Amino acid sequence: MVSKTQQPVLLATVQFFICAILATAAAFILESPNLTSLELAMDGILYAGLVSVGVGFTLQVVAQRHTPPADTAILLSMEAVFAALAGAWFLDERLPAVGLAGAGLILASVLAAELLPLMRKKRRLHRA
């Protein structure tokens, strides 16, 4: 979509508002929202909505225009690992053993995807 419009910020903004509308509709369908609950959750809502999604996702969309697809896929597959590291760093959260194992598997997969082709190429050069 970005390659067609050449307007990544517009794409991110449209996606942001569509998600906000759908999430609000889902909240009214699946939950019982009230002003007190909304006030208590407002800090988290604003942070997640404005900083995490608004800024983070917009930067991601813009950066994808300048990154090869394979590299983009690898970086995006690491999103859960980055989130866990940020949670540990900023919020002193800890993953359970299964979460650590999952993060380790993701990291090992990314390393394999990056290093195995380099190792094969190096091996071919030594044989020649």
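Trp89 is exposed in this predicted model. Its relative accessible area is 72%. That value lies over 50%, so Trp89 counts as exposed. Phe90 is exposed as well, with a relative accessible area of 66%.

Two aromatic pairs were found in a search of the whole structure. One of them is edge-to-face and joins Phe16 and Phe17. The ring centres of Phe16 and Phe17 are 5.6 Å apart, and the angle between the planes is 80°. An angle over 60 degrees makes a pair edge-to-face, so the pair of Phe16 and Phe17 falls in that class. Phe16 has a relative accessible area of 25% and is therefore partly exposed. Phe17 is also partly exposed, at 49%. Exposed residues have over 50%, so Phe17 at 49% is still classed as partly exposed.

Trp89 and Phe90 form a tilted pair. Their ring centres lie 6.3 Å apart, and their planes meet at 50°. The pair counts as tilted because 50° is neither under 30 degrees, as in stacked rings, nor over 60, as in edge-to-face rings. The centres also satisfy the pairing limit, because 6.3 Å is within 6.5 Å.

Thr72 was examined separately. This residue sits in helix H4, which covers residues 69-77. Thr72 has a relative accessibility of 13% and is buried. The cut-off for burial is under 20%, so Thr72 meets it. Apart from neighbours within four places in sequence, Thr72 is in contact with Gln64 and Thr67.

Terms used
Residues numbered from 1 in each chain as written. Predicted model: local features only at pLDDT ≥ 70, side-chain atom pairs only at ≥ 80, totals over all residues. Heavy atoms only, no water. Phe/Tyr/Trp six-rings, centres within 6.5 Å; stacked < 30°, edge-to-face > 60°. Buried < 20%, exposed > 50% of the residue type's maximum accessible area, 1.4 Å probe, protein only. Helix = DSSP H or I, 4+ residues; strand = E, 2+ residues; numbered from the N terminus. Contact = heavy atoms within 4.5 Å.
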